[in-house]
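This report is an introduction for a reader who meets the structure here. Please keep the sequence and the model in view while reading.

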Amino acid sequence: MDLETFINLFLAGLTLGTVYLLMAMGLTLVYGVTKVFNYAQGSFFTWGGYLAWSLSVGILGWNYYLVIPITLVAMFIFGMVFEKAIVLPLRRLPGWDFTVIIVTLGCSLALDNLILVVFGPLSKTVPHLLEGTFNFGKYAIAKHDVIMLVIGILVFIILQLFLSKTWTGMALRAVSQDNVGAKIVGLPLNTMYSMAFGIAGLLSAVAVILLAPRTLLYPLVGWTTLLKAFVVMVLGGLGNIKGTVIAAFALSIAEIYSAFFLGGIWAMPLFLAVLVIILVFKPKGLFGSW
Amino acid sequence: MLKVENINFLYGEVQVLTDVSINVEEGEFVAIFGPNGHGKSTLLKVICGLLKPVSGSIHYDGRVISRLSTQAIVDMGLVYIPEDRNLFPEMTVADNLRMGAYAKHARPKIKENLELVYQLFPKLKELNNRTASGLSGGEARMLAIGRGLMSNPKFLAIDEPSFGLAPNLRVDVFKSIEEIRKRGTSILLVEQSTTIASDYAHHIYVIEDGKIVFKGSKEEAYNNGKIRKIFLGL
């Protein structure tokens, strides 16, 4: 392998890592705040992608840079409504947490199949954020890859600032750290629950807009990403931000190199093997503290 | 200011509170004594809206609050400080205090209340950047009370403020609570058995098996042989 290939693969791994990171942050946030694992987040990813596609190149033909903010806002609202309509009513039942996990799984099957019925099984092509390449002497880097890295990291930093500096962000952390304490200081818990799902929807939409130009869109596109993000979350140690960052980039880079040497078909087995090894030997993740 | 009338509460089939009525006037310091597991904490949780009574009513500040959410009750200035503290373990002391001021009416007063908290508990200022999970029992207790004060309470319902504290700290905590009362906050607190709280209380209730078995002044409690022996430990 020459140096150029090595660097290109490394960059491909890094950019992929930002997508896993954003998806894992969505899962972690929802789990922390609502104590529920949201299987439907993969469908948030898929729906965000098909929405952006429909509004732009697919159906309506709107300017893609206009479509992006619309998609982000729409998926934020979609996440909030999903929580209010489906998760919140179940909270009052005994044993609700397990029920909710199964129901989000069911919803994700329904949402994905709705996509299949409406749009068919064929892949859709989503535009790059920027076409073309940056050229450095003999090296060329796709502009979209650079944008992926910049936006992915920027969104992650904004999310961290939001969680540590704003009233709402701190309230989300407070709810995840002590539910009763959060009630006692007068936090609106139901709003916080739907807010967490809304942010997961928003992060999924960013992730799909970054990744879909590379993988194309198909009805089950969200599942693959969801499962990989899940492994990232477990490897990083549930709720451990530093661990999640490291896990996201380590796994994505490993995925790209293994795809190069062994073939793309080995990506999923790699992730599942990591999951099994982690659960057996270090069930709290590499950096876990819960 | 707070009027609890004939509250009944059940955990499943078990009756925890039976026809409990208590009354706290504005500016008063009222103490409820009783052994562990006899419904004291449950009563405070019902008052602050964490638990809903099966029957009976709670009036606060001229409104019926027995069906309101804890959030709505906090917004009215009735603040609960739990025995378990329920701090936010991975947040710093400063952030815990800040979250105490989340309620809309508390935010404009955040500076003034923070000064009050630091004045009452200077230790908290030193610990500002420490995460709550690393605090000692006494420090966590101070932080729980401090966080409650940040909600700008007109009424504080405090569960066992001296539980698990060294004797000298107990005196300090009650002095601070009395200081808070003097600044215009009504106090309702529950304790297992202590003489310190009764030094400050205008009225004393004794709860046994979820029923109020005694109501009166400190002197009356001291003169009542059974109450004196069992609950005041004298």
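Chain A has a radius of gyration of 19 Å, which agrees with the value near 19 Å that a compact globule of 290 residues would have; the radius is taken over C-alpha atoms, and the globule rule is 2.2 Å times the number of residues to the power 0.38. The model is a predicted one, in which local features need pLDDT of at least 70 and side-chain atom pairs count only at pLDDT 80 or more, while totals for chains, interfaces and linings use all residues. Residues are numbered from 1 along each chain as its sequence is written, and chains are lettered from A and ligands numbered from 1 in the order in which they are written.

**Chain A as a whole**

The C-alpha trace of chain A spans about 60 × 50 × 35 Å along its principal axes. Its secondary structure consists of eleven helices and two strands, where helices (H or I, at least four residues) and strands (E, at least two) are DSSP runs numbered from the N terminus. Along the sequence, these elements of chain A follow the pattern α-α-α-α-β-β-α-α-α-α-α-α-α. Of the 290 residues of chain A, 46% count as buried; a residue is buried if 20 or more other C-beta atoms, placed from the backbone, lie within 10 Å of its own, exposed if 12 or fewer do, and partly exposed in between. Among the contacts in chain A between residues at least 6 apart in sequence, 75% join residues at least 24 apart, a contact being a pair of residues whose C-beta atoms, placed from the backbone, lie within 7 Å.

**Where the chains meet**

How many residues of chain A are in contact with chain B? There are 15 of them, and they are in contact with 20 residues of chain B. On the side of chain A that touches chain B, the elements that give two or more residues are helix H6 (167-177) and helix H7 (179-184) of chain A, and H6(A) gives the most, with six residues. The residues on this side of chain A divide into nine nonpolar, three polar and three charged, with Ala, Val, Leu, Ile, Met, Phe, Trp, Tyr, Cys and Pro counted as nonpolar, Asp, Glu, Lys and Arg as charged, and the others, Gly among them, as polar.

**Sheets of chain B**

In chain B, four strands form an open sheet in the order E2-E1-E4-E5, with antiparallel pairing. Strand E2 (14-24) and strand E5 (63-64) of chain B stand at the edges with a single partner strand each, so one side of each is left without a neighbour in the sheet. Strand E1 (residues 2-11) of chain B runs antiparallel to E2(B) and is joined to it by seven bridges; two strands count as paired if DSSP finds at least two bridges between them. Opposite Val4(B) stands Ile22(B) in E2(B). Helix H1 (residues 40-47) of chain B packs on the sheet, where it touches E1, E2 and strand E4 (55-60) of chain B.

Strand E9 (residues 203-208) of chain B is mostly covered, with five of its six residues buried. E9(B) is joined to strand E3 (residues 29-33) of chain B by four bridges, and the two run parallel, whereas E9(B) and strand E10 (residues 211-216) of chain B pair in the antiparallel sense over five bridges.

**A covered helix in chain B**

Helix H6 (residues 137-150) of chain B has 14 residues and reaches 20 Å from its first C-alpha to its last, close to the 20 Å expected at 1.5 Å a residue, the expected span being 1.5 Å times one less than the number of residues. Eleven of the 14 residues of H6(B) are buried, and these buried residues pack against several elements of chain B, including helix H3 (93-100), helix H4 (110-120) and helix H7 (167-182).

**Residues with a positive phi**

Most residues other than glycine have a negative phi. The table lists some residues with a positive value.

| Residue | Phi | Place |
|---|---|---|
| Leu216(A) | about 70° | loop between helix H8 (189-215) and helix H9 (221-236) of chain A |
| Asn86(B) | about 50° | loop between E6 and H3 of chain B |
| Asn152(B) | near 55° | follows H6(B) |
| Asp209(B) | near 50° | hairpin of E9(B) and E10(B) |

Leu216(A) is partly exposed, with 14 other C-beta atoms within 10 Å, whereas Asn86(B), with 20 C-beta neighbours inside 10 Å, counts as buried.

Conventions
Two residues are in contact if their C-beta atoms, placed from the backbone, lie within 7 Å. Axes are lines fitted to C-alpha atoms, for helices over the stretch in contact, and angles run from 0 to 180 degrees between N-to-C directions.
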